[in-house]
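Me: Could you take a close look at one part of this model for me, the packing of a pair of helices, and then walk me through a few other spots around the fold?

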Amino acid sequence: MTTPQQPPFPPHDPRRGAGTGHGDGRESGPASPGAHGTGAGGHGHSHAHSHGPAAPVSRHLRKVIAAVLIPFAAAVLVGLAVLWPGGAPPHERTGVGFDRQTQQGTVTKVVELSCQSVNASGVPPTGDTSTAEGSSAVQQANGECKRATIRVDSGKDKGRTFDEIVQPDQSRQLSEGQKVVVAYEPSAPEDLQYSVTDINRRVPMALLAGIFALAVVVVGRLRGLMALISLAVSFLLLNFFILPAILQGSNPLLVAVIGSSAIMLIALYLCHGLSARTSVAVLGTLISLVLIGVLGSLFIDWAALTGNTDDNTGLIHGLYPTIDMSGLLLAGVIIGSLGVLDDVTVTQTSAVWELHEANPTLGRRGLYRAGIRIGRDHIASVVNTLVLAYAGAALPLLLLFSIAQSGVGTVANSELVAEEIVRTLVGSIGLVASVPVTTALAALVVSADRPADRPAAQPTGAAPARGGRGRRRKR
């Protein structure tokens, strides 16, 4: 009865194909002559190792996953269409901070001169250098200043030059040939319309980005290229949907949820392929994002965090008073947590899949226990990474509080620090929760087709041959 199966699948050891790694079975026969003692538990998974990391699952379970994710993806598309902005709404430039007209410029000449000759109208120094103001006054009076000549390289005044005095205690010093960014204020007197506002860092930034992209492609190859494409799509959605939609007055939380969901779907499926394994990672990420949104909303309201804590947020609120700043804070928490969540959920799902590949006889409980042991190490490293990332970003602020010798309770109670604490803890809770949630989902999915395959594996060697061919068709 097994004769028709012999040419493509030799009857000796198709059930031990998992140990050889060859889906066609051509090398499995000689490798394991005693394979018949493995039992029925290994029959349905005889060719699982031959089809890469995306182990197949039952068709019924794939339908269940699709029934959840397809409506979700459709809802995200509808949300994008409804909330899609036509661009950021216009406003009158304030000339403050980033809200200024800027042009490109070049430092053409730098001349050293006495600070007394350019600070003649300043307050005479007292000689007291015990304070920052006194030390600065002494340096400006007795030190050597610089007069830099800057040429405007873009805009309607291209070719125009102006001078700027650089004080000796100024943190940004200028040198000849340096590229700079100049601010333009048309309402100011003609000789004061232009001023240097920053250094032009486009070349080193572009070079660093190129090195990063090259490293990702060289190491990650096609998957690395897909990761770069998904990164570009994420930036496009951020710049053309999330930010303009918030500026137009849409609910920041709703915009963040829809934008983050779109980024999640595109990034995960583009980088990891359209498979049940990726779908499990998407579901785990989605559940964790919901938890982060609920906790963030609860504690931001409870702690009375306004989201308006510095000059930048104050400027935004002044230009667009209709923006819900606390909602903007919550949106930042969700978007900031998304990148780390993707890493956790994909890693946990892959770990469970690989555990199943290594030992197909493991049930869902065994897979979950093994996966959660891996997840505990992941939790420890990721939470530490997230906390240190926020601490590193807020290091100048923490240093300022340290200089002021404020108590820990006083520092933590200030809104500026409380925002970072809530952001860190809410995001960390979501990350911790994503490990058991994703591991449980992956264990359920990867083991769900075992009972269905076992009866088909009982009759002789024909069933494994059919199972092998069926598995090659599944994703």
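Reply: Happy to; here is the helix pair, followed by two buried residues and a sheet.

A word on the ground rules: this is a predicted model, where local features need pLDDT of at least 70, side-chain atom pairs count only at pLDDT 80 or more, and totals for chains, interfaces and linings use all residues. Residues are numbered from 1 along each chain as its sequence is written, and side-chain values use heavy atoms, with hydrogens and water left out.

Two packed helices are described by the angle between their axes and the distance between the axes. Helix H7 (residues 252-272) packs with helix H10 (residues 325-358) at an angle of about 20°, and their axes are 9 Å apart. Helices here are DSSP runs of H or I with at least four residues, strands are E runs of at least two, and both are numbered from the N terminus. The axes are lines fitted to C-alpha atoms, for helices over the stretch in contact, with angles running from 0 to 180 degrees between N-to-C directions. H7 and H10 are therefore roughly parallel to each other (angles under 35 degrees count as such). Their crossing is right-handed, meaning that the near helix is turned clockwise from the far one by less than a right angle.

On the H7 side, the contact (heavy atoms within 4.5 Å) includes Pro252, Leu253, Ala256 and His272. H10 contributes residues including Gly327, Leu328, Asp342 and Val346. By type, the contact residues divide into 14 nonpolar, 3 polar and 1 charged. Nonpolar covers Ala, Val, Leu, Ile, Met, Phe, Trp, Tyr, Cys and Pro; charged covers Asp, Glu, Lys and Arg; the others, Gly among them, are polar.

Also in H7 is Ala267, which is buried at a relative accessible area of 13% (buried means under 20%, with a 1.4 Å probe and protein chains only). Ala267 and Met226 are 41 residues apart in sequence, yet 8.4 Å apart in space, C-alpha to C-alpha.

Ser434, in helix H14 (residues 415-447), is buried too, with a relative accessible area of 0%. Leaving out residues up to four places away in sequence, Ser434 touches Ser288, Leu341, Val344, Thr345 and Thr439.

Finally, the sheet: 5 strands form an open sheet in the order E3-E2-E1-E4-E5, with antiparallel pairing (strands pair if DSSP finds at least two bridges between them). Strands E3 (161-166) and E5 (194-199) stand at the edges with a single partner strand each, so one side of each has no neighbour in the sheet. Strand E4 (residues 179-184) is joined to E5 by 5 bridges, and Tyr184 has Tyr194 of E5 as its bridge partner.

Technical notes:
Buried means under 20% relative accessible area, exposed over 50%, partly exposed in between (1.4 Å probe, protein chains only). Angles under 35 degrees count as roughly parallel, over 145 as roughly antiparallel, 65 to 115 as roughly perpendicular and the rest as oblique.
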